[in-house]
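Colleague: I would like to go through this model feature by feature. For each one, please give the general idea and then the case at hand.

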Amino acid sequence: MTGNQIIFYLLALLTLGSAVLAVSTRHIFRAAVFLLFALMGMAGLFFWMNYAFIAAVQIVVYVGGITVLIIFSIFLTQETGEKLPQQLWSRRFIAALASFCALAFTLTQIFQHTFNASKQTAIEVSVQQIGLQMLGTNQYGYALPFELISILLLAAMIGCIVIAIRLKPTS
Amino acid sequence: MMTLQQMILLIPGIPLFAFLMLGLFSKKIPGNYAATAGTILMGVTTVLSCFVAFGYFTAFGKIDGIYQPMIPFLYHWLPLTDLLEINMGILLDPISALMLFVVSFISLMVHIYSMAYMKDESRIAVYYAFLSLFTFAMLGLVMASNIFQLYIFWELVGLSSFLLIGFYYQKPAAVRAAKKAFIVTRFADLGMLIGILIISYEGKSLDFISLIDHFTNSPQQISGTFLGIASLQWALALIFIGGAGKSALFPLHIWLPDAMEGPTPVSALIHAATMVVAGVFLIARLFPVYAIAAPVLLEGIGYVGALTALFAAIIACTQTDIKRILAYSTMSQIGYMILALGVAGYGAESGLGFTASLFHLFTHALFKALLFLCAGAIIHYVHSNEMRDMGGLKKLMPITHLCFLIGCLAIAGIPPFAGFFSKEEMLFAAYQHNRIIYFVSLFTAGLTAFYMFRLYFSIFWNKPFQQHHSHHGEGGPAMMLPLIVLGIGSVSAGFIPFGKWVSSDGRPLISHFHLSFSILPVLLSLAGIAIAAFYFFKKKETVETTVNAMGGLFRVAKGKFYIDEIYQFVTKKIIFNFIAKPAAWIDKNLIDGLVNAMGNSTVSLSNHIKGIQSGKIQMYAGIFLIGVIGLAILAIYYWN
Amino acid sequence: MTLEPGLYHLLTISTGLFFIGVYGFLTRKNLVTMLMSIELILNSVNLNFIAFNKYLWPHRLDGVFFTLFVIAIAAAEAAVAISIVINIYRNNRSINVEQTEEMKY
């Protein structure tokens, strides 16, 4: 086994193991921490694939933003010491069965399929390349979705404020 | 200086503007301002109308000595086919010029009169808005250049009549009368609409000029018959039914006496001078078609007119309500106009009846509006419509007395008042053409004099009037001015050389007066007056003996020949029981049942399946997952 | 299947991650933990995009952009979801998913 392979399998184990623990532990705070590890493992996989920029974004947004947000909301809404209530055994069994069957089905499909790789030469995934194409308005430019995403973020921001705002009772 | 087109568009435009303004801001404008504004705008319209009408008659209307129909304005509105199109245009010919003058002039008089008569009314702005709407519609009607446009304004006139009859909507009788007028005229208008459709199909046009051209010049090429009668005859008869409904001809007259529930100035404008002569106008508008293509039908129309004239005059002799007597006399006089049209032919001397009819329309508008406005003043003074509450008003209301007397003399046909000239012409036309109609109308002339003077004597003579009514005077200058103007008109209008201006074919018609012929009708009218005076000044017993001697006839006439009861019987007993009730049963049990069954089954079905909508998110998600997997399996293994 | 990590390995990881998220979504009772499961699902999609971009489409950057957009949308979604959760907590004093069934029929 080469070092490359060892790193890959370790990262895969970290990601999947933390994910399983994150959905199965009965301590909510631990669940959040396992989620964080799963996301970190994912960022590691991105590094492993040489997509350093995506890995950085993954860490900044998911690990630094969303996980922290989730932990805040846990503090706001939950007494962290208590165990979560257990779901019905039958429900868990049915959910596990359904998920497993779907997983098996999907994997079968994937392995039956032969992917055709493009023969063209790879380009370097540098931040400069990404930036130029994302704001480009030429054939492969992504300026329009970029603008749409910014509008969506603004709308989400306003929506959050509107939903979470506590109105004083009008008297 | 305005062009003719601008002027002629302003004529209906100004009342429409007044209607919109007064109607929209009726709550905002103080009543007296609304009245003044409406009257001033109406005055402008009248000036323009007079200008156009006299300009047409004296300056630009005549080409080669013949009055030509002209279209100063035409807007192509709905082209249906190449030939058949519904336009909005203005047609100017002797008839519409005459009507333009009559409508706007009488309307102005009524506007002025109403300023005093309605001044205590809280909804005066609404009242003036409705008057403006009516004037707009009536002006549009008389100037319509095609028959469909005429129909639109025809219905608008009916609507404003409905609104004004029901103006005192707190009174149940007024509401009933308004409904009755609307339903009866609407029923007649249905006939008219069918007639318009047939005639536009036959004539390949809706335009009056091309229709008349088509039916009078080209040889008859009628495409269909129904029950052995050519479809053109049906069309003309159906159009006449529409006119009969509006003009209250027998047997569609039942709404007119009830319409007297409206304010009296409205009765003067709509139900005496202008709207009710719309039927006469309609026949006159299509007169060449009637005279050339359907002479037999025209003869029948003449008989309907004669019957209406006689019938209404008999009823008028027995009524006691002052406005109803005037209403029946209006019916009778419209009958005269229709019978005069019926005895006329197209062109030259035989067109005398046509000229006479429109002449009578003109003079009748003046003196009948005068009589109604006088009646309004009297009712204002006495606070009652009943003849027995009046009497001895001669000294108390001198101007009204004089004007009413002029009106009575005019309608009775005593020379030299306006009614004499027009009535003599009509009688002469009838004499030349059809003796039966002549004798009926002669007898009716005598009756007319009798019932009008019966009314006159019992209002103004005898019986010292109780003082407690007279807490105010005869009425202000706003009420007296229209009376005086219309009184002067009723005296002098007969001397207008009418035949020179309005004739069936546009050529001047010189009417000759046959003094020897006039003696008989005038003598009959004088006899009628004398009989009225005799009965009035004799003792009560004489009247009662006569009434008893007449016996059944009197009772039947007082009951208006039970026409209303016949209608009631037909609608309530026959139509309700045999058509409406089964229809209602089917509606209630079959159609409603079907609809209810559909509704109930939906409710029970949804009660059964609503449990699926459990609100459990994870259940939804699970089912969604199963569904997606299922679809994927289907897509991959089955549909591939 | 070789030991050398490639596209199939990455797809296996992402599929596994996806169904772990699905399992969590179906079994958790707490709204915040359900939200975590959704984050896992979204991440597995990201991994797919990147893997396809690397192994099948190396001359272009479309997968990278889609991943970036998914991350942005996930951030927005997380923010909105958490504000909803806080609002529900304010009304119900609980964020148990079984307490949020007022909207049924």
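Colleague: How many helices and strands does the secondary structure of chain B come to?

Modeller: Helices (H or I, at least four residues) and strands (E, at least two) are DSSP runs, numbered from the N terminus. On that basis chain B has 25 helices and six strands. This is a predicted model, in which local features need pLDDT of at least 70 and side-chain atom pairs count only at pLDDT 80 or more, while totals for chains, interfaces and linings use all residues. Residues are numbered from 1 along each chain as its sequence is written, and chains are lettered from A and ligands numbered from 1 in the order in which they are written.

Colleague: Which elements of chain B have the lowest and the highest mean pLDDT?

Modeller: pLDDT is the predictor's confidence in each residue, from 0 to 100. Where it is low, the predicted coordinates should not be read in detail. The average for chain B is 84, and 94% of its residues score at least 70. Among its elements, strand β5 (residues 225-226) of chain B has the lowest mean, 68, and helix α4 (residues 124-143) of chain B the highest, 91.

Colleague: What share of the residues in chain B is buried?

Modeller: A residue is buried if 20 or more other C-beta atoms lie within 10 Å of its own, exposed if 12 or fewer, and partly exposed in between, with C-beta atoms placed from the backbone. Chain B has 640 residues, and 51% of them are buried. In chain A, 24% of the 171 residues count as buried. Chain A has six helices and zero strands.

Colleague: Among contacts in chain B between residues at least 6 apart in sequence, what percentage join residues at least 24 apart?

Modeller: Two residues are in contact if their C-beta atoms, placed from the backbone, lie within 7 Å. For chain B the figure is 81%. For chain A, residues 24 or more positions apart account for 49% of the contacts with a separation of 6 or more.

Colleague: In which sense do strands β3 and β4 of chain B pair, parallel or antiparallel?

Modeller: Two strands pair if DSSP finds at least two bridges between them. Here β3 (residues 70-79) and β4 (residues 85-92) of chain B are antiparallel, over seven bridges. One bridge partner of note is Asn87(B) in β4(B), which is matched with His76(B). The two strands form a hairpin, joined through five residues.

Colleague: Where are the unusual backbone features?

Modeller: Most residues other than glycine have a negative phi, and most peptide bonds are trans. The loop between α8 (231-246) and α9 (255-258) of chain B holds Pro251(B), and the peptide bond from Phe250(B) to Pro251(B) is cis, with omega near 0°. Ala248(B) lies in that loop between α8 and α9 as well, with a positive phi near 55°. Another cis peptide bond joins Pro415(B) and Pro416(B), with omega about 5°; Pro416(B) sits in the loop between α16 (398-412) and α17 of chain B. In chain A, Asn50(A) has a positive phi near 70° and belongs to the loop between α2 (28-48) and α3 (52-77).

Colleague: Why does Ala248(B) count as buried?

Modeller: Ala248(B) is buried because it has 29 C-beta neighbours inside 10 Å. Asn50(A) has 12 such neighbours inside 10 Å and therefore counts as exposed. Tyr431(B), found in helix α17 (residues 418-433) of chain B, has 19 inside 10 Å, so it is partly exposed.

Colleague: What should the 21 residues of helix α1 of chain C span?

Modeller: The expected span of a helix is 1.5 Å times one less than its number of residues. For α1 (residues 7-27) of chain C this gives 30 Å, and the end C-alpha atoms are 30 Å apart, so the two agree. Of the 21 residues in α1(C), 17 are buried.

Colleague: How many residues of chain C are in contact with chain A?

Modeller: Chain C gives 60 residues, in contact with 69 residues of chain A. The elements of chain C that give two or more residues to this side are α1, α2 (31-56) and α3 (62-92). The largest share, 21 residues, comes from α3(C). Ala, Val, Leu, Ile, Met, Phe, Trp, Tyr, Cys and Pro count as nonpolar, Asp, Glu, Lys and Arg as charged, and the others, Gly among them, as polar. The side of chain C that touches chain A then has 42 nonpolar, 13 polar and five charged residues.
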